[in-house]
Amino acid sequence: MDTPLVIDDTWSASRALRAIERGSRLLWQGDWHTGKQVVAALKRRLRPRESDFASYRRARGRQMRVVNSVLVRIDSSYGVEARRAPDVRRACLLAYGVGRGDRLVPLQELLGVIGAEQLRLRGVEVPALGGRIHPHYGVFAPTRSEYADLVARAPLDAVGQAFDVGTGTGVLAAVLAKRGFAVTATDLSPRAVECARENLTRLGLTADVVRADLFPPGRADLIVCNPPWIPARPIGLLDHAVYDENSQMLRRFLSGARDHLEPGGQVWLILSDLAEHLGLRSRDELLKLIESGGLAVAGRSEIAPRHTRAQTARTRQGGGGRGGGLLAEARAREITSLWRLAPAIQH
Ligand SMILES: C[S@@+](CC[C@H](N)C(=O)[O-])C[C@H]1O[C@@H](n2cnc3c(N)ncnc32)[C@H](O)[C@@H]1O
């Protein structure tokens, strides 16, 4: 890869942007706080303003590529080579593990690593659990955990074996374990597997957590899944928990779930309707996917996200302009459903 151009406090955001647009990567060697300001200015300047979702995502991709072109060097013990830089050693150890230092990382990524450490230490209160979940870096955090209430309250005739597919922090596995299920939870992400194990242990609950693509071996009386809910291409690390290109995971989950059910079993699919408000997947399309998986709707409960206002405000700040407005408007109307699905009677 090309050698990055060394830049410092004498560089303005406009000059940095011009250099990046000419194809350079930039190595920040000035004051840490000024570096943060340059990155924030680049983010503001490239805030997506498009009014349709596809253009909005393209603009967001460009914004991330530009912002991630401003790098800092971390040494082998995770010291940051910038004046007045904070001590990020523990945050980096938690996010990257041992021995991943001595390289260049985007300054913006390091800010995410610092934020993730704080969230992991503080944890997120989940009312449905009466306890806290501690998300790891790169694992979907249940900061809007109202969907956990849906799982805690959904009617049940009996408890038995449950699968939690795509467990993330293990929040739903924990709710199911609390309801008396023997739980096996899966995730494709090794970070999520480690995080879920740690959360369940911390909560004093028992569940098997394994790395698997969708289903673990065997069958269950209840299969729960809260898949990524926006059918669009992921861009960054966290996007993989939220964006699912062409609804791939949803399709594969719905077409395979029936074969992993015990007789009389149910599938609980948790899904926000944000994609419907953005015009990315219709309700009819979802119902067809359910039907083609040999499943029928046995019931549905729904909840409006508790933090819509706060989230909307954040979207306006983060997404900004008309693009941010597009998402904010869709979020204001967003409803999350728990679809209770049972094998359809075959004629
Ligand atoms: C929206 S998050 C939900 C996490 C958690 N269940 C919750 O409700 O907070 C979706 C999760 O699915 C996982 N995932 C995506 N594709 C998967 C696959 N093919 N097999 C297993 N897990 C997958 C992601 O890593 C992510 O943790």
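**Exercise 1. What volume does the second largest pocket have, and which residues are closest to its centre?**

First, the ground rules: this is a predicted model, where local features need pLDDT of at least 70 and side-chain atom pairs count only at pLDDT 80 or more, while totals for chains, interfaces and linings use all residues. Residues are numbered from 1 along each chain as its sequence is written, and side-chain values use heavy atoms, leaving out hydrogens and water.

Step 1: get the terms straight. On a 1 Å grid over the protein atoms alone, a pocket is an open set of points with protein on both sides within 12 Å along at least five of seven lines, a cavity is a set where a 1.4 Å probe fits but cannot get out, and lining residues have an atom within 4 Å of a point. Points are joined across faces, edges and corners, and a volume is the space filled by probe spheres set on them.

Step 2: the second largest pocket comes to about 760 Å³. Of its 37 lining residues, D187, P228, H240, A241 and M249 are the closest to the centre.

Step 3: sort the lining by class. It holds 20 nonpolar, 10 polar and seven charged residues (nonpolar: Ala, Val, Leu, Ile, Met, Phe, Trp, Tyr, Cys and Pro; charged: Asp, Glu, Lys and Arg; polar: the others, Gly among them).

**Exercise 2. Find the strand order of the seven-stranded sheet, and place D187.**

Step 1: the open, mixed sheet reads β9-β8-β7-β10-β11-β13-β12 (strands are DSSP E runs of at least two residues, helices H or I runs of at least four, numbered from the N terminus; two strands pair if DSSP finds at least two bridges between them).

Step 2: look at the ends. β9 (208-211) and β12 (295-303) are the edge strands, each pairing on one side only.

Step 3: β8 and β9 run parallel, joined by four bridges. D187 sits opposite R211 in β9.

**Exercise 3. Count the cavities of 30 Å³ or more and describe the lining of each.**

Step 1: the count is two.

Step 2: the largest cavity encloses about 70 Å³. Its lining includes L271, D273, R281 and W339, and splits into five nonpolar, three polar and four charged residues.

Step 3: the second largest cavity has about 30 Å³ of space. Among its lining residues are A91, L94, E117 and Y137. Helix α5 gives the most, with four residues. By class, this lining has six nonpolar, one polar and two charged residues.
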